[in-house]
Amino acid sequence: MTKPERTRDDATVPEREAKKKKRNSLGEELEVDPPLCEPDDRAAHPETREVVGMYDQDGSSSMVEANGARVDEMTKEEEDLSSFTPKSPISKPYIPDELNDPTVYPEVLAAFEDAQAKYIAKLCRRTALFTSQYRRVDAPSCLFHHEHLHHIREPAKKAVLRAAKSIIRLSSSVDGEPLTNCCGLWIEWDKESKTGTILTTAHLIRSKHPTENHWEGRDEYDIKANVTVHLRDGTTAEGHYLYHQEHYDLAFFKVRVDEPVQLPSFNGSVHCGQDVFRLGRDQSMDLRITHGRVEYWNPASIERYHYMYFLHEHDDCLCDDDGGAVIDLDGKVVGLINNHLSASFVPSSILDNCVDLWRKFGCIPRLHLGMKFDSIRLLDPINVERMWRMHNIEEGLIVEKLENMLLGRCKDHFNQGKKLNAKIDVSIQVFHTDERVRRTINLNVEVSDHGEVIRESTYPITATLGTSAAVQSNQNVAGLKCLATS
């Protein structure tokens, strides 16, 4: 007997009877054809396998291929897919010309208006899908609408999406009262304990900030603050305090997370003028992307001298949280935002040393020199040329390298089995600009993991007008602001 040819227009009787019926959203009955597969389809698609259902003697079901090989039971995803019924396509209703007279056919007009409302509702649902280009975005990113970035859009998009996988959002509270919101980076995930480690800013647990002068050391931190970690799937988990370092404004937390997390890559160097992106997350966990460059700028006298700055020239929607990442065009982290208002950030070379010290010794020690520094290379070239012409000084010690040198000395100190709060002898060559004299200063400095405090030197005026006033005591090294020379 010849097997009838199977087509959609000329199906066999059993197949026509097997056609399922359902109703679409307009109440119309639809017929759904069973899927067709010609015998030679398997040759064209070698991965297709003929599988039949079977039951074991104990009643448990399994799947067996036609050749006798056993196949595992369907996964949950496959079961969900097998019970999935596709929705009817979106069709625009209309009234035929011969019925388009509402006075004669009012019921047709009423049915049309009802169908039109359902059609518009369907369109709205489709445009609300996350895949739709028409989905409303409160703040489109610079990579979406800035024409000046078109030449780097594709590599920048890949870099941003790669780095975004390691960026999360955190919030803190004390006694039920909100404290602040910050961003952070995954830096570790332990497979055995199912815990991840987060690097963020210590501002997350900063309870008091009475002055903008970082060198006064008057900020207070609450290590018992409640910290909530907002995960990428919309769930939250409790963050557990591990350690914080006030000088670099860094903090570490651990959190239970069952699935592996994406760890970032760090670039060991960042230079002024470099194209970078600043990343963060808003309250909806949506990514915030801002393009900019590393600014040529020395920190103000009230700021830590190791800061670098992010400069953006266009009206982008910035993430208003500290702790966000600064990345390069390869998606590697080159800094961590310290202050979202001034756009200062801690460069990646210092971050790398800090994380390494914390992992090895459980703290981040630093030498307290009692001095502030400016970088000569960030001065106006006119000033640099004048220094060379008048003082024979062409370059100085790069501040970032100086800071890493201080951390390196502490690493050597701990490797020798020594502890915090010990003293180390340090020699620094300083050029006194007023006297135009070079001299070497020998310091006995403390190894500490607290924020370095350098207060402005003061003295009281006790004499009345017309009499000699009390004079200031001898100036200590502490409080000097220097241009360190190599």
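These legends accompany close-up views of a sheet, a helix and two cysteines. The model is predicted, so that local features need pLDDT of at least 70 and side-chain atom pairs count only at pLDDT 80 or more, whereas totals for chains, interfaces and linings use all residues. Residues are numbered from 1 along each chain as its sequence is written, and side-chain values use heavy atoms, with hydrogens and water left out.

**View 1. An open sheet of three strands, ordered E20-E23-E22 with antiparallel pairing.** Strands are DSSP runs of E with at least two residues, helices are runs of H or I with at least four, and both are numbered from the N terminus; two strands pair if DSSP finds at least two bridges between them. Strand E20 (366–368) and strand E22 (423–432) are the edge strands, each pairing on one side only. Three bridges join E20 to the antiparallel strand E23 (residues 437–448), and Leu 367 stands opposite Val 447 in E23.

**View 2. Helix H9 (residues 399–415) packing on the sheet.** The helix touches E20, E22 and E23, contact meaning heavy atoms within 4.5 Å. Buried residues (under 20% relative accessible area, with exposed over 50% and partly exposed in between, for a 1.4 Å probe and protein chains only) of H9 include Leu 402, Leu 406, Cys 410 and Phe 414. After H9 comes Gly 417, whose phi is positive, near 85°.

**View 3. Cys 124 and Cys 354 in a structure with zero disulfides.** A disulfide is taken as a pair of cysteine sulfur atoms within 2.5 Å. Cys 124 is partly exposed at 47% relative accessibility, while Cys 354 is buried at 0%.

Definitions and conventions
Axes are lines fitted to C-alpha atoms, for helices over the stretch in contact, and angles run from 0 to 180 degrees between N-to-C directions.
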